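Here is a set of exercises to work through with the structure open beside you. Try each task before reading its solution.

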Amino acid sequence: MERESLWDHYMKKGMSRRSFVKGCIALTSLMGLSTDMVIKVVEAAEKTPLPVVVWIHGHECTGCDESFIRSGSPLASDLVLNEIALEYDHLLSAACGEPFEAHLDKTIQQYKGKYILAVEGATCTKDNGVYCMSGGHTFSHLLQKASAGAAAVVAYGSCAAYGGIQAAKPNPTGSSGISQFIGNAPLVKVPGCPPIPEVMTGVIMHIALFGSIPPLDNDGRPKQFYGNRIHDTCYRRPFFDAGMFAETFDDKGAKAGWCLYKLGCRGPETYNSCGNLRWFQGMSYPIQSGAPCIGCSNANFWDEDPLLTRMPEYGPLGNVDKIGAAAAGAMAVGVAAHAVVSVAQKNMKEAKELAEKKGE
Amino acid sequence: MADEIMKEEPRKTYYVFSPFLRIFHWIMAISITVLFITGILITTPWVTYSSEPTTSWMALDWIRNIHFLFAYIFTASFILRIYGFIINRGDRLFPHFWKGYFYRNTIDVAMHYSFLKFEHKPFLRNPLARGAYATMYVLIAIEILTGFGIYYMTDTSSLGGMLFGWFVPLIGSEYWAHLIHHYVAWGIILSALGHIYMVIRAEFMEGEGEVSSMFAGTKMLRHKPFDAGHLDGTLD
């Protein structure tokens, strides 16, 4: 069966060339590309067949899907029904049972090396992975099977990328990111708890149209969405630079919308597009709503508590600055004592030497 | 009487530190002080009560810029340290931890410092100090790697990004990179306090130019130091 391109799809629906080009321009900006790339996007959308996508779910809460279905441009429904060929999805499929699993095997066979594998959720590594089962097998088994023939693997959410909330200490199920189970398939990490809807759709459209994974940073995240810190794109950044901070949630600074840095905001350590894309068609993002960023797209953010202070507290003294100051104080006392004994020892030595001299 | 005021005794003057190391040392002392103070202020900034950011003094922005400026100056000054290391043996007094005498002498010095012995063997630089300074360089290396690692994470394709970008993913989390940077800074400051005390103590107890050597480059010793051979290469 010849697979149709996006342009074929538009024609089949009787939509105009103008709306197709408009769609391509929207896609270009959505993928974080510059405007001179429009022509390439149009070309790709005319010729590239719609990508086959297999979407599987592991150890997770399905919150990434909740985010995904709220994508505004393109509409998630548009993406699922018109722009990709979603052959298998645990959550969105009406089918179930053996025919559904048989369809997965058929899809993997038929589009070997061509389909995109989207993965949500972590894998369980403890006790042979029995804590997360899918279709009668462990999820790690499904992951190995589905990634073997995948053109690319997209890890949606912090679970698939790094292990997620269930990997928090003491991590009873041995949750981890999917990278160890996907062999040599190219991996794109799209972390976030959940990721921004437009980032989810943008990444898959990039792979779909250009047939290659987007440029990645050292950690395997697409640069166009994870290249900036939230702190560096935050609209409250001028307050940080000027030293204007909220110190409690009900002080003057909090009411005036000043920087939440002193309330533990993880914006300075977090890479995501919340600051520039924001959420739900630019409506808001946590900091705009007055809550400090918890760094949900960071590896290990779930163990980096307390989330409302800059640094962890240890014991009765508190954070390292207080412990350090106490250590410096203790050291001053110790040094003074050592100095006194040193002087006494020196005097003793000199007295002894003098006595020896006289004795000669 | 005259004995106590004026003493005539034979001393040997050893040229130990090249000017490159001495200049580096003082750049390091100033940089570490500035970096520590600005670093503490960046983590726990004071609050400015102003009506508009644009009309304020831009306090934290300036503090961060000073921190970055001194980070660059300090890192660049290692060129002097490395040049001195190449041309002058006295700049190479590292711990010879692969030698038996290093451990024997360390115990000797430690016993003196804990007042179990009246004195330790004379050294150009005693093995305990050598170990401490080597540890200091390790701590500084961690600061440089975490600091520039964090700094260049937004520009991973730049030269700085290529040099330092690998380190933060190795730690696994940028938050922990920040914490390590901060914790190690305390380690450096506490070591520096210990260093200042030990140097002044040595000057006071032995009077052999421990403090002035970092200005003049020479130490004036009464006895032949055990490690004199490290200056002319006769001791491995």
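**Exercise 1. Unusual backbone angles in chain A**

Is Gln281(A) buried or exposed? Work that out first, then describe its backbone and do the same for Asn300(A).

*Solution.* Keep in mind throughout that this is a predicted model.

Step 1: Gln281(A) has a relative accessible area of 54%, and the cut-off for exposed is over 50%, so the residue is exposed.

Step 2: Place Gln281(A) in the chain: the loop between α13 and α14 of chain A holds this residue.

Step 3: Look at the backbone. Phi of Gln281(A) is positive, about 55°, although the residue is not a glycine. Most residues other than glycine have a negative phi.

Step 4: Turn to Asn300(A), which is also not a glycine and has a positive phi, near 75°. Asn300(A) sits in the loop between α13 and α14 of chain A. With a relative accessible area of 28%, Asn300(A) is partly exposed.

**Exercise 2. Cis peptide bonds**

Find which residue the cis peptide bond from Cys193(A) leads to, and which residue is joined to Asp305(A) by a cis bond.

*Solution.* Step 1: Start from the general expectation that most peptide bonds are trans.

Step 2: The bond from Cys193(A) runs to Pro194(A) and is cis, with omega near -5°. Pro194(A) belongs to the loop between β9 (187-190) and α9 of chain A.

Step 3: Asp305(A) is joined to Pro306(A) by a cis peptide bond, with omega about -5°. Pro306(A) is in the loop between α13 (252-256) and α14 (320-359) of chain A.

**Exercise 3. The nonpolar cores**

Identify which helix supplies the largest share of the largest nonpolar core, then follow one core member, Val190(A), to its contacts.

*Solution.* Step 1: The largest nonpolar core has 55 residues, and those touching the most other members include Phe20(A), Leu27(A), Tyr156(A) and Val190(A).

Step 2: Helix α9 (residues 197-210) of chain A gives the largest share of this core, seven residues.

Step 3: Setting aside neighbours within four places in sequence, Val190(A) contacts Val154(A), Ala155(A), Tyr156(A), Gly157(A), Pro195(A), Val199(A), Val203(A) and Tyr226(A).

Step 4: Another core lies apart from this one; its 27 residues include Leu139(B), Ile144(B), Tyr175(B) and Ile189(B).

**Exercise 4. Two buried residues with polar side chains**

Describe the surroundings of Arg130(B) and Thr107(A). Which side chains does Arg130(B) meet in polar contacts?

*Solution.* Step 1: Arg130(B) lies in helix α5 (residues 127-151) of chain B. Buried means under 20% relative accessible area, and Arg130(B) has 4%, so this residue is buried.

Step 2: The side chain of Arg130(B) makes a polar contact with the side chain of Asp227(B) at 2.8 Å and another with the side chain of His230(B) at 3.0 Å.

Step 3: Beyond residues up to four places away in sequence, Arg130(B) also touches others, among them Leu93(B), Phe94(B), Pro95(B), His96(B) and Arg125(B).

Step 4: For Thr107(A), go to helix α6 (residues 97-110) of chain A. At 2% relative accessibility, Thr107(A) is buried. Excluding neighbours within four places in sequence, Thr107(A) contacts Val52(A), Val54(A), Glu87(A) and Tyr115(A).

**Exercise 5. The second largest pocket**

Find how many residues line the second largest pocket and which helix gives the largest share of them.

*Solution.* Step 1: The pocket holds about 960 Å³ of space.

Step 2: Its lining counts 39 residues, with Ile42(B), His67(B), Phe68(B), Gly147(B) and His181(B) nearest the centre.

Step 3: Both chains take part: α11 (230-233) of chain A and α2 (19-43), α3 (59-87), α5 and α8 (174-206) of chain B each supply at least two lining residues. The largest share, nine residues, comes from α8(B).

Step 4: By class, the lining has 24 nonpolar, nine polar and six charged residues.

**Exercise 6. Chain B as a whole**

How many helices and strands does chain B have?

*Solution.* Step 1: Chain B has ten helices and two strands, in the order α-β-α-α-α-α-α-α-α-α-β-α.

Step 2: Its C-alpha trace spans about 70 × 45 × 35 Å along the principal axes.

Step 3: Of the 236 residues in chain B, 46% are buried.

How values were computed: Residues are numbered from 1 along each chain as its sequence is written. Chains are lettered from A and ligands numbered from 1 in the order in which they are written. This is a predicted model: local features need pLDDT of at least 70, side-chain atom pairs count only at pLDDT 80 or more; totals for chains, interfaces and linings use all residues. Side-chain values use heavy atoms; hydrogens and water are left out. Helices (H or I, at least four residues) and strands (E, at least two) are DSSP runs, numbered from the N terminus. Buried means under 20% relative accessible area, exposed over 50%, partly exposed in between (1.4 Å probe, protein chains only). A polar contact is a pair of N or O atoms within 3.5 Å; within protein, one must be able to donate a hydrogen and the other to accept it, and residues adjacent in sequence count only if both atoms are side-chain atoms. Contact means heavy atoms within 4.5 Å. On a 1 Å grid over the protein atoms alone, a cavity is a set of points where a 1.4 Å probe fits but cannot get out, and a pocket is an open set with protein on both sides within 12 Å along at least five of seven lines; lining residues have an atom within 4 Å of a point. Grid points are joined across faces, edges and corners, and a volume is the space filled by probe spheres set on the points. Ala, Val, Leu, Ile, Met, Phe, Trp, Tyr, Cys and Pro count as nonpolar, Asp, Glu, Lys and Arg as charged, and the others, Gly among them, as polar. A nonpolar core is a set of buried Ala, Val, Leu, Ile, Met, Phe, Trp, Tyr and Cys residues joined through side-chain atoms within 4.5 Å.
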